[in-house]
Amino acid sequence: MSEREMQVFRSTPGILVESIWWDARTEEVVWVDIVAGLLHRGRLDGSVDGSEDRVVHLPPPLSAVQPGPDEGYVASLRDSVVLLDADGAVVRELARLRHRRDGMRLNEGKVDPFGRFVVGGMSVIGETPDADLWSVAPDGAVTVLRGGFGITNGMEWSDDGRTMYVTDTSTETVYRGSYGPDGLLGELEPFVSGRPSDGLALAADGTFWNALYGEGVVARWSEAGELIEEVAIPVPNVTSVAFAGPGLGRALVGTARENLTEAQLRAAPGSGAIYMFDGGAHGRPVHAFGSV
């Protein structure tokens with residue numbers, strides 16, 4: 001286990017911190033608290049207690065936010081994808097996504113290299129593998145890329161956009177499949193298996209940084225799926241990994257308080273905070289919705 005100098009980026013106890021990314025437009029870190037429906041934006045050198053951050057309340061669950069057109073954002077709610085303005089207010093609903101049954105919500109969402117918003121579902125009642133993965137185009141057109149997920153999670157794409165990586169936390173597997181400008185996802189094969197994978201970030205050096213939910217660990221994998229390093233996080237439920245700052249050299253790690261008992265929270269009072277350390281690698285800029 002690697003020993004890295006760990007800092008608290010934000011001590012605000014989120015219920016379920018996710019969708020962390022660096023917004024170069026405003027030089028802010030963006031993240032959401034899914035269960036609370038909160039969109040957070042704060043400077044890298046801002047107050048650790050979050051008192052200087054900009055926070056917007058949106059209809060929960062707010063599972064993901066990504067850069068959108070006109071300095072705004074694209075976001076996923078329970079069963080819809082919406083556009084937000086630069087202040088974080090809802091401008092309009094872009095697409096309504098049909099879950100296969102009740103008791104489901106949208107979860108991880110990212111913009112692909114071709115400007116589409118890709119978002120997956122999950123069950124909030126059990127882990128039946130009936131969640132879908134969708135692609136939403138800038139004009140609102142919806143494509144079902146794949147079904148049969150338990151909990152869709154961490155997504156990434158190769159630099160040329162020809163390979164997509166997508167996680168199913170319920171099967172403890174990160175998968176990969178062919179992808180491309182047509183936005184279609186090929187047959188999936190396991191890339192990394194056997195660990196409770198959550199958020200995923202691909203660094204500029206080709207290594208993958210992976211949050212392991214329940215293990216209190218961020219794992220670093222090679223392009224071949226070999227374990228390079230494990231970084232200990234001082235709380236169990238690690239959810240999201242991203243690189244931030246002007247050079248994208250600081251690793252940020254989101255965590256959660258959900259699913260922890262009172263005894264576990266007393267043992268890990270920093271649960272729900274965001275942690276920061278020198279990643280020893282640099283991230284890649286996020287893709288913007290509607291860009292090509």
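**Cores, pockets and odd backbone spots**

User: Which residues touch the most other members in the largest nonpolar core?

Analyst: Of its 30 residues, Ile20, Val29, Trp209, Val218, Ile233 and Leu252 touch the most other members. Keep in mind that we're looking at a predicted model. E2, strand E3 (28-33), strand E19 (208-212), E22, strand E23 (250-255) and strand E24 (274-278) each give two or more residues to this core. E22 has the largest share, with five residues.

User: What makes a set of residues a nonpolar core?

Analyst: Its members have to be buried residues of the nonpolar kinds, joined through side-chain atoms within 4.5 Å. In general, nonpolar side chains tend to be buried together in soluble globular proteins. There's another core here too, lying apart from the largest one: it has 17 residues, among them Leu39, Val56, Tyr73 and Ala75.

User: What does Leu252 touch, leaving out residues up to four places away in sequence?

Analyst: Quite a list: Phe9, Ile20, Val29, Ser240, Val241, Ala242, Ala244, Ile274, Tyr275 and Met276. To count as a contact, heavy atoms have to come within 4.5 Å.

User: How do you know that E14 is largely enclosed by the rest of the structure?

Analyst: Count its buried residues. The cut-off for buried is under 20% relative accessible area, and six of the six residues of E14 meet it, so the strand is largely enclosed.

User: What makes E14 and E15 a pair?

Analyst: Two strands pair when there are at least two bridges between them. E14 and E15 run antiparallel and are joined by five bridges, so they clear that bar. One of the bridge partnerships is Thr152 with Asp168 in E15. The hairpin they form has five residues between the strands, and Gly161 in that hairpin takes a positive phi near 75 degrees.

User: And how many bridges join strand E20 to strand E21?

Analyst: Five, between residues 217-221 and residues 227-232, again with the strands running antiparallel. The threshold for a pair is at least two, so E20 and E21 qualify. Trp221 stands opposite Leu227 in E21. Their hairpin has five residues between the strands, and Gly225 has a positive phi near 85 degrees.

User: Which residues other than glycine have a positive phi?

Analyst: Asp70 is one of them, with phi near 55 degrees, and Glu172 has a positive phi of about 55 degrees. What makes them stand out is the general rule: most residues other than glycine have a negative phi. Asp70 is in the loop between E6 and strand E7 (73-76). Glu172 lies in the loop between strand E15 (163-168) and strand E16 (173-178).

User: Why is Asp70 called exposed?

Analyst: Exposed means over 50% relative accessible area. Asp70 comes in at 75%, so it counts as exposed.

User: Why is Glu172 called partly exposed?

Analyst: The class in between runs from the 20% cut-off for buried to the 50% cut-off for exposed. Glu172 has 33%, so it's partly exposed. Thr128 ends up in the class too, because its relative accessible area is 41%.

User: Where is Thr128 found?

Analyst: In the loop between E11 and strand E12 (131-136). Not counting residues up to four places away in sequence, Thr128 touches Arg101, Phe149 and Gly150. Thr128 and Ile151 are 23 residues apart in sequence and 8.9 Å apart in space, C-alpha to C-alpha.

User: What makes the peptide bond from Pro60 to Pro61 cis?

Analyst: Its omega, which is near -5 degrees. In general, most peptide bonds are trans. Pro61 has its place in the loop between strand E5 (54-57) and strand E6 (64-67).

User: Which residues lie nearest the centre of the largest pocket?

Analyst: Trp21, Lys110, Glu156, Arg284 and Val286, out of 29 lining residues. The volume is about 430 Å³. E2 supplies the largest share of the lining, five residues. By class, the lining divides into 16 nonpolar, eight polar and five charged residues.

User: What counts as a lining residue?

Analyst: One with an atom within 4 Å of a point of the pocket. By that test the second largest pocket has 16 lining residues, with Met122, Ile151, Tyr213, Glu258 and Asn259 nearest its centre. About 290 Å³ of space lies in this second pocket. Its lining has six nonpolar, five polar and five charged residues, and E10 and strand E11 (117-123) each supply at least two of the lining residues.

Conventions. Residues are numbered from 1 along each chain as its sequence is written. This is a predicted model: local features need pLDDT of at least 70, side-chain atom pairs count only at pLDDT 80 or more; totals for chains, interfaces and linings use all residues. Side-chain values use heavy atoms; hydrogens and water are left out. On a 1 Å grid over the protein atoms alone, a cavity is a set of points where a 1.4 Å probe fits but cannot get out, and a pocket is an open set with protein on both sides within 12 Å along at least five of seven lines; lining residues have an atom within 4 Å of a point. Grid points are joined across faces, edges and corners, and a volume is the space filled by probe spheres set on the points. Helices (H or I, at least four residues) and strands (E, at least two) are DSSP runs, numbered from the N terminus. Ala, Val, Leu, Ile, Met, Phe, Trp, Tyr, Cys and Pro count as nonpolar, Asp, Glu, Lys and Arg as charged, and the others, Gly among them, as polar. Buried means under 20% relative accessible area, exposed over 50%, partly exposed in between (1.4 Å probe, protein chains only).
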